[in-house]
Amino acid sequence: QVLVSRLGGFDLSWQPGLPFVWLGLPLGWRASTFLRMAEARGVLLRSADEYALVHARAPNAVRIAIAGQIPREAFVTAIDSLASLLAKPPSDLSA
């Protein structure tokens, strides 16, 4: 619920009961750049291309796993950090 309430304005896909969501990245973001910048803030994600078949196309998205052992406050901080990143895509798309 925390994740959906904080990132609900973005392109989220999920199914109730599964411990992860897919986040489609807004125009201006590449998954590789978003992953690096999130990691620099201490948030680890996976790119959608890691889950695609060998010759398939992957969406410009990341997978956010929801780990139960993370304290709620740390989880909220991480999600807010992602929301902050999403709101300000980098101007240089060559990254």
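Is R46 buried, exposed or partly exposed? R46 is partly exposed, with a relative accessible area of 45%. Keep that residue in mind, since we'll come back to it. What you have in front of you is a predicted model, so read everything below as a description of that model.

Let's start with the sheet. Its 4 strands form an open sheet in the order 1-2-4-3, with antiparallel pairing. At the edges you'll find strand 1 and strand 3, each of which pairs on one side only. Follow the order across and you can look at each pairing in turn. Strand 1 runs antiparallel to strand 2, and 3 bridges hold that pairing. One place to look is D11, whose bridge partner in strand 2 is G24. Strand 2 is also joined to strand 4 (residues 61-65), again antiparallel, by 5 bridges. Here V21 stands opposite I64 in strand 4, and W22 stands opposite R63 in strand 4. To finish the sheet, 2 bridges join strand 3 (residues 46-47) to strand 4, and these two run antiparallel as well. This is where R46 turns up again: its bridge partner in strand 4 is R63.

Strand 2 deserves another look. Of its 5 residues, 4 are buried, so strand 2 is largely enclosed by the rest of the structure.

Now for the turn that leads into strand 2. The hairpin of strand 1 and strand 2 has 6 residues between the strands, and in it G17 takes a positive phi near 95°. L18 is in that loop too, between strand 1 (11-13) and strand 2 (20-24). With a relative accessible area of 37%, L18 is partly exposed. Where does the chain bring L18 and A65 in space? Their C-alpha atoms are 9.1 Å apart, although the two residues are 47 residues apart in sequence.

Next, find helix 2. Helix 2 (residues 31-40) lies across strand 2, strand 3 and strand 4, running at about 35° to strand 4. Its buried residues are A31, T33, F34, L35 and A38. What do they pack against? They pack against strand 2, strand 3, strand 4 and helix 3. Just after helix 2 comes G42, which takes a positive phi of about 90°.

The aromatic rings are worth a stop of their own. How many aromatic pairs are there? The count comes to 3. In one of them, the rings of F20 and W22 have their centres 6.4 Å apart and their planes at 85°, so the pair is edge-to-face. Another edge-to-face pair is W29 with F34, at 5.0 Å centre to centre and 85° between the planes. F34 is one of the buried residues of helix 2, with a relative accessible area of 0%. Its partner W29 is buried as well, at 3%. W22, on the other hand, counts as partly exposed at 27% relative accessibility.

F20 and W22 have further company, as ring pairs link F20, W22 and Y51 into a cluster. R63 joins in too: it lies over the face of F20, at 4.0 Å from the ring centre. So R63 is a handy residue to click on, because you have now met it opposite W22, as the bridge partner of R46, and over the ring of F20. 

Last come the charged pairs. Side chains of opposite charge can pair when their charged atoms come close. How many salt bridges does a search of the whole structure find? It finds 2 salt bridges. In one, the side chains of R6 and D80 meet at 2.5 Å, N to O. R6 lies in helix 1 (residues 2-7) and D80 in helix 3 (residues 72-87), so the pair ties together parts that are 74 residues apart in sequence. R6 counts as partly exposed at 38% relative accessibility, and D80 counts as partly exposed at 32%.

The other salt bridge takes us back to R46, whose side chain meets that of E50 at 3.3 Å, N to O. E50 counts as partly exposed, at 47% relative accessibility. That brings us round to the opening question, with R46 partly exposed at 45%.

Note on methods
Residues are numbered from 1 along each chain as its sequence is written. This is a predicted model: local features need pLDDT of at least 70, side-chain atom pairs count only at pLDDT 80 or more; totals for chains, interfaces and linings use all residues. Side-chain values use heavy atoms; hydrogens and water are left out. A salt bridge is a side-chain nitrogen of Lys or Arg within 4 Å of a carboxyl oxygen of Asp or Glu. Buried means under 20% relative accessible area, exposed over 50%, partly exposed in between (1.4 Å probe, protein chains only). Rings of Phe, Tyr and Trp (its six-membered ring) pair if their centres lie within 6.5 Å; planes under 30 degrees apart count as stacked, over 60 as edge-to-face and the rest as tilted. A charge sits over a ring if NZ of Lys or CZ of Arg is within 6 Å of the ring centre and within 35 degrees of the ring normal. Two strands pair if DSSP finds at least two bridges between them. Contact means heavy atoms within 4.5 Å. Axes are lines fitted to C-alpha atoms, for helices over the stretch in contact, and angles run from 0 to 180 degrees between N-to-C directions.
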